[in-house]
Amino acid sequence: MTEEEKKIEGIKEMNFCPTCNSVVETVIVYSYTSENTVNEDLCGYVTEVLLSKCLKCQNLFLKEKSFQIVEGDDYLNSKIQFLPNTENEAIENCPEIVYNPYEETLKCYRAHAYDACAMMCHKGIEAISIDKREIKGNLTTKLKNLNSKGILGNTL
Ligand SMILES: [Zn+2]
């Protein structure tokens, strides 16, 4: 372990923990820093991989940070969080009529407004029904019709 790695481990930072559903204090438990590709002008790139844990629920976080080095100073180029995965690729490609209630649902959930969250889930499922041209009757009827058309599986 290099001196650089020793300094990073044990550092605490704030992160959104989906298990705790709040911004929590996390601590870096392991770090890896790529070999410096700095040239004689002190310019180059370095990649840092950090494994940290939530101090509340022990949930793990895995992040990669890429830095560009210009004249000895490092600038954050990109930051990717691999774990926990808070991005939902499927929802990003769905129609806007479904995406908007989903976004609102997430906001309500993260604000601990669970009644509002349930209402937004209802609105989202209604939006999926409309998108699939199922507009007659109440939500139960729509879901049953979507199931009989083979659009919705039996689990729902
Ligand atoms: Zn947590």
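**Figure 1. Glutamate 13 and lysine 65 pair up in a salt bridge, with 4.0 Å between the closest N and O atoms.** This pair ties together distant parts of the chain: glutamate 13 sits in strand β1 (residues 12-17) and lysine 65 in strand β4 (residues 60-70), 52 residues apart. Keep in mind that this view, like the others here, comes from a predicted model. Is lysine 65 buried or exposed? Lysine 65 has a relative accessible area of 15%, and because the cut-off for buried is under 20%, lysine 65 counts as buried. If you go through the whole structure, you'll find 5 salt bridges.

**Figure 2. A salt bridge between lysine 142 and glutamate 126 comes in at 2.5 Å, N to O.** Here too the pair links distant parts of the chain, with lysine 142 in helix α5, glutamate 126 in helix α4, and their positions 16 residues apart. How accessible are the two partners? Lysine 142 has a relative accessible area of 7%, so it goes down as buried. Glutamate 126 is at 18%, so it is buried as well. Back on the strand side of the model, salt bridges with shared partners join Glu13, Lys63 and Lys65 into one network.

**Figure 3. Within helix α3, glutamate 104 reaches lysine 107.** Their side chains meet in a salt bridge of 3.1 Å, N to O. Both residues belong to helix α3 (residues 96-110) and are 3 residues apart, about one turn of the helix. Glutamate 104 is partly exposed, with 34% relative accessible area. Helix α3 is also the place of glutamate 96. What sets the label for glutamate 96? Its relative accessible area is 62%, and since anything over 50% is called exposed, glutamate 96 is exposed. To get a feel for scale, compare glutamate 96 with tyrosine 30: they are 66 residues apart in sequence, and their C-alpha atoms are 40 Å apart in space.

**Figure 4. Four cysteines hold the zinc ion.** Which atoms are the protein donors? They are the SG atoms of Cys17, Cys20, Cys54 and Cys57, lying 2.2 to 2.4 Å from the zinc ion. Along the chain, the donors follow the spacing C-x2-C-x33-C-x2-C. The angles among the 4 donor atoms run from 104 to 117 degrees, and the site is tetrahedral. For reference, the ideal angle for four tetrahedral donors is 109.5 degrees. Cysteine 54 is at 0% relative accessibility and therefore counts as buried, whereas cysteine 57, at 29%, is partly exposed.

**Figure 5. The second largest pocket holds about 230 Å³ of space.** Its lining has 13 residues, and the closest to the pocket centre are Ile125, Ile128, Ser129, Leu146 and Leu152. Which helices supply at least two residues each of the lining? α4 (114-131) and α5 (139-148) each do. The largest share, 4 residues, comes from α4. Sorted by chemistry, the lining breaks down into 10 nonpolar, 1 polar and 2 charged residues.

**Figure 6. A cis peptide bond joins leucine 83 and proline 84.** Omega for this bond is about -20 degrees. Proline 84 itself is in the loop between β5 (73-83) and α2 (89-92). Why give a peptide bond its own panel? Most peptide bonds are trans.

**Figure 7. Leucine 42 and histidine 112 go positive in phi.** For leucine 42, phi is near 60 degrees, a positive value in a residue other than glycine. Histidine 112 likewise has phi near 60 degrees, again positive in a residue other than glycine. These get a panel because most residues other than glycine have a negative phi. Where do the two residues lie? Leucine 42 is in the loop between β2 (22-33) and β3 (44-54), and histidine 112 is in the loop between α3 and α4. Leucine 42 has a relative accessible area of 46%, which puts it in the partly exposed class. Histidine 112, with 42%, is partly exposed too.

Methods
Residues numbered from 1 in each chain as written. Predicted model: local features only at pLDDT ≥ 70, side-chain atom pairs only at ≥ 80, totals over all residues. Heavy atoms only, no water. 1 Å grid on protein atoms, 1.4 Å probe; cavity = no way out; pocket = protein on both sides within 12 Å on 5 of 7 lines; lining within 4 Å. Points joined across faces, edges and corners; volume = space filled by probe spheres on them. Nonpolar A, V, L, I, M, F, W, Y, C, P; charged D, E, K, R; others polar. Donors = N, O, S within 2.8 Å, 3.2 Å for Na, K, Ca; no water. Tetrahedral: all angles 85-135°; square planar, octahedral: opposite > 155°, others 65-115°. Buried < 20%, exposed > 50% of the residue type's maximum accessible area, 1.4 Å probe, protein only.
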